[in-house]
Amino acid sequence: MPLACSELQTAKHWKSPVLLGVPRPEDTICEGMVGQSAVLRNVVMQLETVAPTDSTVLICGETGTGKELIARAVHNLSTRRAHAFVKCNCAAIPISLLESELFGHEKGAFTGAVAQRIGRFELANRGTMFLDEIGEAPLELQPKLLRVLQEREFERLGNSRTQRTDSRLVAATNANLPEMVDTKRFRADLFYRLNVFPIQIPPLRDRPEDIPVLITHFVHDCARRMHRTIKVIASATMDALVRYSWPGNIRELQNLIERAVILSSGELLQVPLSEIDEASKPRGAQQTLEEAERAHILATLKKTRWIVSGPRGAANRLGMKRSTLQFWMKKLGIERPPESDEATHLM
Ligand SMILES: Nc1ncnc2c1ncn2[C@@H]1O[C@H](COP(=O)(O)OP(=O)(O)OP(=O)(O)O)[C@@H](O)[C@H]1O
Ligand SMILES: [Mg+2]
């Protein structure tokens, strides 16, 4: 007897084929956002709290986690919803054009400005301005962004008359802005002005409980569009999908499900699992490069009974100078255990 997908919380319950069924309305928790994890509910609570205010919102999260969906939800739940939601992706527009895109220009302001152009801050008047990938905003443009945020003022290129904008700013980034501030790649004053109400969206791997309901939602959506009937997913497939780390987050899951629906001729969802090979490995089985280096050095030191130098020493076996090995031991926190004192004199 297949289990209903929405009843399942963890992989250990998936003993029988999983019935995909119809998405439950209660799994769409806000403005098209599907999920049932406590962390996603917390994100929704934050956005519902801040949306009716006019405060600047900074949405942070890895690629594909739903930053734009949240930005639109902030707008739709605000008093500005009857006005425009204007998006500008700072990474997608060439630096030379970004200023005129945002603030507009007069005819003849620069070579190629054949007509006047209204900037996006003007278009967003009384609505919401969404600055996507704010971490990519060029340093030379950041003072102007700070001014428009603080004073609500700007000038069109080629026109000295100051314009005012009544737009609410929502920004998003997948960059580590505090680190960019430390390394002088992002202005500290702009960061603090943006960081009024930060919303951090957790990656999908940190909320695996959302995966089954997202799968049901995407399968249902794709199957309807493609006029297919897909009812069941193999429990092992569901298990693999929940264990996968989803570096591309929800967008990656959405795309994989779309391919799966295309490939499925019957009622069973055929997921091309070879595309996510990593899913077959248990979580945590992957090592970082540093962990692998540490394990290799440690194993070599044990083999040489903690003799570092000399022809039979670990440095020689590892093909490095004694001082280099000692540097790496220090960096990786490798210390000789007390019982190997016998080798001390040889180092
Ligand atoms: N909770 C969710 N429920 C349903 N669909 C979602 C959810 N979160 C994201 N999506 C969908 O996943 C896709 C990616 O979302 P979105 O574009 O908002 O991500 P993003 O964080 O802005 O990504 P990027 O950093 O790559 O721009 C979209 O199709 C979106 O509708
Ligand atoms: Mg985005």
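In the predicted model, Asn249 has 22 C-beta neighbours inside 10 Å and therefore counts as buried. This residue lies in helix 10, and its phi is near 55°, a positive value in a residue other than glycine. Asn249 is also among the residues in contact with Leu204, once the neighbours of Leu204 within four places in sequence are left aside; the others are Asp210, Ile211, Trp246, Ile250 and Leu253.

Leu204 itself is found in the loop between strand 13 and helix 8, the latter spanning residues 210-225. Despite this position in a loop, Leu204 counts as buried, because 27 C-beta neighbours lie inside 10 Å. The C-alpha atoms of Leu204 and Ser245 are 7.6 Å apart in space, although 41 residues separate the two in sequence.

Helix 10, formed by residues 249-263, is also one of the elements that give two or more residues to the shell around ligand 1, along with strand 4 (33-34) and helix 2 (67-76). In total, 15 residues surround ligand 1, and the closest are Val34, Thr63, Gly66, Lys67 and Glu68. By class, the shell around ligand 1 comprises eight polar, four nonpolar and three charged residues. At least three residues of the shell come from each of two domains, namely domain 1 (3-26 + 207-280) and domain 2 (38-200).

Across the protein as a whole, 13 helices and 14 strands are present, and buried residues account for 31% of the 347 residues. Among contacts between residues at least 6 apart in sequence, 70% join residues at least 24 apart.

Five of the strands form an open sheet with parallel pairing, in the order 6-9-12-5-13. Its edges are strand 6 (85-89) and strand 13 (197-200), each of which pairs on one side only. Neighbouring strands of this sheet are turned by 20° against each other on average, with direction ignored.

Within this order, strand 9 stands between strand 6 and strand 12. Strand 9, residues 128-132, pairs with strand 12, residues 168-173, in the parallel sense over four bridges, and its pairing with strand 6, likewise parallel, extends over five bridges. On the side of strand 12, the bridge partner of Thr128 is Arg168, and Phe130 stands opposite Val170. On the side of strand 6, Leu131 of strand 9 stands opposite Cys88.

Strand 9 is largely enclosed by the rest of the structure, because five of its five residues are buried. In a regular strand the side chains alternate between the two faces of the sheet. In strand 9, Thr128, Phe130 and Asp132 point one way, whereas Met129 and Leu131 point the other way, and all of these residues are buried.

Beyond strand 9, Glu133 is placed in the loop that leads to helix 5 (142-150). In contrast to the buried residues of strand 9, Glu133 counts as partly exposed, because 19 C-beta neighbours lie inside 10 Å, where a residue needs 20 or more to be buried. The phi of Glu133 is near 50°, a positive value in a residue other than glycine, and a positive phi is likewise found at Asn249 in the model.

Notes: Residues are numbered from 1 along each chain as its sequence is written. Chains are lettered from A and ligands numbered from 1 in the order in which they are written. This is a predicted model: local features need pLDDT of at least 70, side-chain atom pairs count only at pLDDT 80 or more; totals for chains, interfaces and linings use all residues. Two strands pair if DSSP finds at least two bridges between them. Axes are lines fitted to C-alpha atoms, for helices over the stretch in contact, and angles run from 0 to 180 degrees between N-to-C directions. A residue is buried if 20 or more other C-beta atoms lie within 10 Å of its own, exposed if 12 or fewer, and partly exposed in between; C-beta atoms are placed from the backbone. Two residues are in contact if their C-beta atoms, placed from the backbone, lie within 7 Å. A residue is near a molecule or strand if its C-beta atom, placed from the backbone, lies within 6 Å of it. Ala, Val, Leu, Ile, Met, Phe, Trp, Tyr, Cys and Pro count as nonpolar, Asp, Glu, Lys and Arg as charged, and the others, Gly among them, as polar. Domain bounds come from an automatic or database domain assignment.
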